[in-house]
Amino acid sequence: ISQGGSLHVDWGKLKLQASCSLTGLHQEWVNQNALSNQSENTVFPESSIRLKYILTKISGISLQYSNTRTNTNDQYLFPELIIQNFRNVTLNHPSLSLINTHNITLHYSRSDLFNQFDQGGGVRFQTNNRDYLPTYNVTDTLLYTTFSMVNAGNQMLDIYAFVTKYIPRIR
């Protein structure tokens, strides 16, 4: 269940978009082999804000911040031993706790549709408060990998650029 609202304000070349939502999430994980289950109810806010400045008719720069929460990826919910090949075995410790992610993005774009040419670039910084991290146990015959949810935050920095040239339809 999710309920939210948004705000859009224009001040000439400067545009502001803000949104906020309140989400309720019910998660239930059942392991029929071990006759166990986990259940968790969570209510959390998510928000984003974007400030865009239009430089010319075909270009602009924007700054965006967002705060999101995501649940566990399906690949970590299987609790039994997973034999990947004759040498690797994986074991997961499932967790229903949410991962809180903060994103800050600075983006420039130029879209010249008359000449059918787009270009842009930017920088994105992301932090997480927790994630699944592996623990390795190496024996003389097998490599055991155990994935567990750890409260170790991680950070990521993306620097990207793109150029697109549209090809006109051949007649």
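A residue is called buried when its relative accessible area is under 20%, and aspartate 118, at 12% relative accessibility, therefore counts as buried. The model described here is a predicted one. This briefing begins with aspartate 118, which lies in strand E8 (residues 117–128), then follows the pairing of the strands, and ends with a nonpolar patch on the surface.

**Aspartate 118 and its surroundings**

- Leaving aside neighbours within four places in sequence, aspartate 118 is in contact with Arg110, Ser111, Asp112 and Leu113, and also with Phe162, Val163, Thr164 and Tyr166.
- With one of these residues, tyrosine 166, aspartate 118 shares a side-chain to side-chain polar contact of 2.8 Å.
- Phenylalanine 44 is 74 residues from aspartate 118 in sequence, and the two C-alpha atoms are 38 Å apart in space.

**Pairing among strands E1, E2 and E3**

- Strand E1 (residues 2–11) pairs with strand E2 (residues 14–31) in the antiparallel sense over 10 bridges, and within this pairing histidine 8 stands opposite glutamine 17 in E2.
- The hairpin of E1 and E2 has 2 residues between the strands, and in this hairpin glycine 12 takes a positive phi near 70 degrees.
- E2 also pairs in the antiparallel sense with strand E3 (residues 36–56), over 18 bridges, and here serine 19 has serine 48 in E3 as its bridge partner.

**Pairing among strands E4, E7 and E8**

- Strand E4 (residues 59–70) and strand E7 (residues 99–112) run antiparallel and are joined by 12 bridges, with isoleucine 99 in E7 as the bridge partner of threonine 70.
- E7 is likewise joined to E8 by 12 bridges, the two strands running antiparallel, and the bridge partner of histidine 107 is glycine 122 in E8.
- Between E7 and E8 the hairpin has 4 residues, and glutamine 116 takes a positive phi near 55 degrees there.

**The nonpolar surface patch**

- A nonpolar patch on the surface is formed by Leu51, Tyr53, Leu55, Ile61, Leu63, Ile104, Leu106, Val123, Phe125, Leu157 and Ile159, which together have about 950 Å² of accessible area.
- At least two residues of the nonpolar patch come from each of E3, E4, E7, E8 and strand E11 (154–165), and E3 gives the most, with 3 residues.
- Tyrosine 53, which is found in strand E3, has a relative accessible area of 37% and is therefore partly exposed, since that class covers values between the 20% limit for buried and the 50% limit for exposed.

Note on methods
Residues numbered from 1 in each chain as written. Predicted model: local features only at pLDDT ≥ 70, side-chain atom pairs only at ≥ 80, totals over all residues. Heavy atoms only, no water. Buried < 20%, exposed > 50% of the residue type's maximum accessible area, 1.4 Å probe, protein only. Contact = heavy atoms within 4.5 Å. Polar contact = N/O pair within 3.5 Å; in protein donor to acceptor, adjacent residues only side chain to side chain. Pairing = 2+ DSSP bridges. Patch = residues over 30% accessible without salt bridge, like charges linked within 9 Å, V, L, I, M, F, W, Y side chains within 5 Å. Areas by Shrake-Rupley, 256 points an atom, 1.4 Å probe, with all protein chains shown as cover. Salt bridge = Lys/Arg side-chain N within 4 Å of Asp/Glu carboxyl O.
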